[in-house]
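Here are my notes on this entry. Please read them with the model open.

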Amino acid sequence: MFDVRVRLGAVLEIDAADRLLPADGPVRLWVTGVRLVANRPPRDEWIWVEGIRLGPSSHRGAQTQILVRANKLPPEGPAQ
């Protein structure tokens, strides 16, 4: 099991390869919520990361939820 403590308010850079169904490439996300996926496959930990997409110059975009591999997230998000 992964110990994931992503701080609310952290800004994460999530590569397309670390997401499920990454149709739109990498994402920069201002985190507003995090939750485990209850029905996940064994040895494949996934986390729902909720937040606001950030564009160039930190321009705020749409609210979104992204399914991310837990082992690709930092143990604790950087302070912003």
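1. Terms come first. Two strands pair if DSSP finds at least two bridges between them. Strands are DSSP runs of E with at least two residues, numbered from the N terminus.

2. Next, the ground rules. This is a predicted model, where local features need pLDDT of at least 70, side-chain atom pairs count only at pLDDT 80 or more, and totals for chains, interfaces and linings use all residues. Residues are numbered from 1 along each chain as its sequence is written, and side-chain values use heavy atoms, with hydrogens and water left out.

3. The sheet. It is open, with 4 strands in the order 1-2-3-4 and antiparallel pairing. Strand 1 (11-14) and strand 4 are the edge strands, each pairing on one side only. From one strand to the next, the twist averages 45° (axes are lines fitted to C-alpha atoms; angles run from 0 to 180 degrees between N-to-C directions).

4. The hairpin. Strand 3 (residues 46-54) runs antiparallel to strand 4 (residues 60-69), and 8 bridges join the two. Ile47 stands opposite Val68. Ile52 faces Gln63 across the pair. Between the strands lie 5 residues, and in this hairpin Ser57 has a positive phi near 60°.

5. Thr64. Is this residue of strand 4 buried or exposed? Thr64 is buried, because its relative accessible area is 15% (buried means under 20%, exposed over 50%, partly exposed in between, with a 1.4 Å probe and protein chains only). Leaving out residues up to four places away in sequence, Thr64 touches Leu29, Val49, Glu50, Gly51 and Arg53. Contact here means heavy atoms within 4.5 Å.
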